[in-house]
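Reader: Please take a close look at one part of this model, the place where two helices pack against each other. Describe the packing and then what lies around it.

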Amino acid sequence: MNRLEIYDAIDTERAYQNKGINDQNRPDMIANLHVGDTLTAIRVNLNKAEEAWYIGSKPHQETLEYLRKVAGLCVQLGEIYGMPKRHI
C-alpha cells in the first residue's frame, strides 16, 4: 500500500469512530476525548494488537486492524487539540 491508501484506511476508521459516538450501544465511543482517555484507549488497543500478533500469523491482519484504531485515535486527538508539525 502507498501512503495515501494508508491515510484513506485511517480516514475510514475516523468515520467509523464518529459514527459510533452517536450509538447508544457503544458507551466506549466518547466525543471529545481527553488526552488521558485517549492514551488509555491507545494502550488498550496496543495490548490487543500485541496479543493478536503473538497468537496470529502473517500477514497479521487482526494486529493491523488494532493499529488502524490506534492511528484513528491519534488523529481524533489531533482534531480536538491540534497536532504540532515535525520540523525537518
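Author: Helix 1 and helix 3 are roughly perpendicular to each other, a label that covers angles of 65 to 115 degrees, while those under 35 degrees count as roughly parallel, those over 145 as roughly antiparallel and the rest as oblique. The angle between helix 1 (residues 3–21) and helix 3 (residues 61–81) is about 70°, and their axes are 8 Å apart. Axes here are lines fitted to C-alpha atoms, for helices over the stretch in contact, and angles run from 0 to 180 degrees between N-to-C directions. Helices are DSSP runs of H or I with at least four residues, strands are runs of E with at least two, and both are numbered from the N terminus.

This is a predicted model, in which local features need pLDDT of at least 70 and side-chain atom pairs count only at pLDDT 80 or more, whereas totals for chains, interfaces and linings use all residues. Residues are numbered from 1 along each chain as its sequence is written, and side-chain values use heavy atoms, with hydrogens and water left out.

On the helix 1 side, the contact is made by A9, I10, E13, R14, Q17 and I21. They meet R68, K69, A71, G72, L73, V75, Q76 and E79 of helix 3, where contact means heavy atoms within 4.5 Å. By class, this contact has 6 nonpolar, 3 polar and 5 charged residues. Ala, Val, Leu, Ile, Met, Phe, Trp, Tyr, Cys and Pro count as nonpolar, Asp, Glu, Lys and Arg as charged, and the others, Gly among them, as polar.

Two of the charged residues in this contact, E13 and R68, form a salt bridge whose closest N and O atoms are 2.8 Å apart. The term requires a side-chain nitrogen of Lys or Arg within 4 Å of a carboxyl oxygen of Asp or Glu. R68 in helix 3 and E13 in helix 1 are 55 residues apart, so the pair links distant parts of the chain. The structure holds 2 salt bridges.

R68 also appears in the lining of the second largest pocket, together with M1, I6, A9, I10, Q61, L64, E65, L67 and A71. Helix 1 and helix 3 are the elements that give two or more residues to this lining, and helix 3 supplies the largest share, 6 residues. The lining divides into 7 nonpolar, 1 polar and 2 charged residues. The space in this pocket is about 220 Å³. On a 1 Å grid over the protein atoms alone, a pocket is an open set of points where a 1.4 Å probe fits, with protein on both sides within 12 Å along at least five of seven lines, and lining residues have an atom within 4 Å of a point. Grid points are joined across faces, edges and corners, and a volume is the space filled by probe spheres set on the points.

L73, another residue of the contact, is among those nearest the centre of the largest pocket, with D28, M29, A41 and N45. That pocket has a volume of about 410 Å³ and 18 lining residues. Helix 1, helix 2 and helix 3 each supply at least two of them, and helix 2 gives the largest share, 6 residues.

Before helix 3, the loop from helix 2 (35–55) contains P59. A cis peptide bond joins K58 and P59, with omega about 10°. H60 lies in this loop and has a positive phi of about 60° although it is not a glycine.
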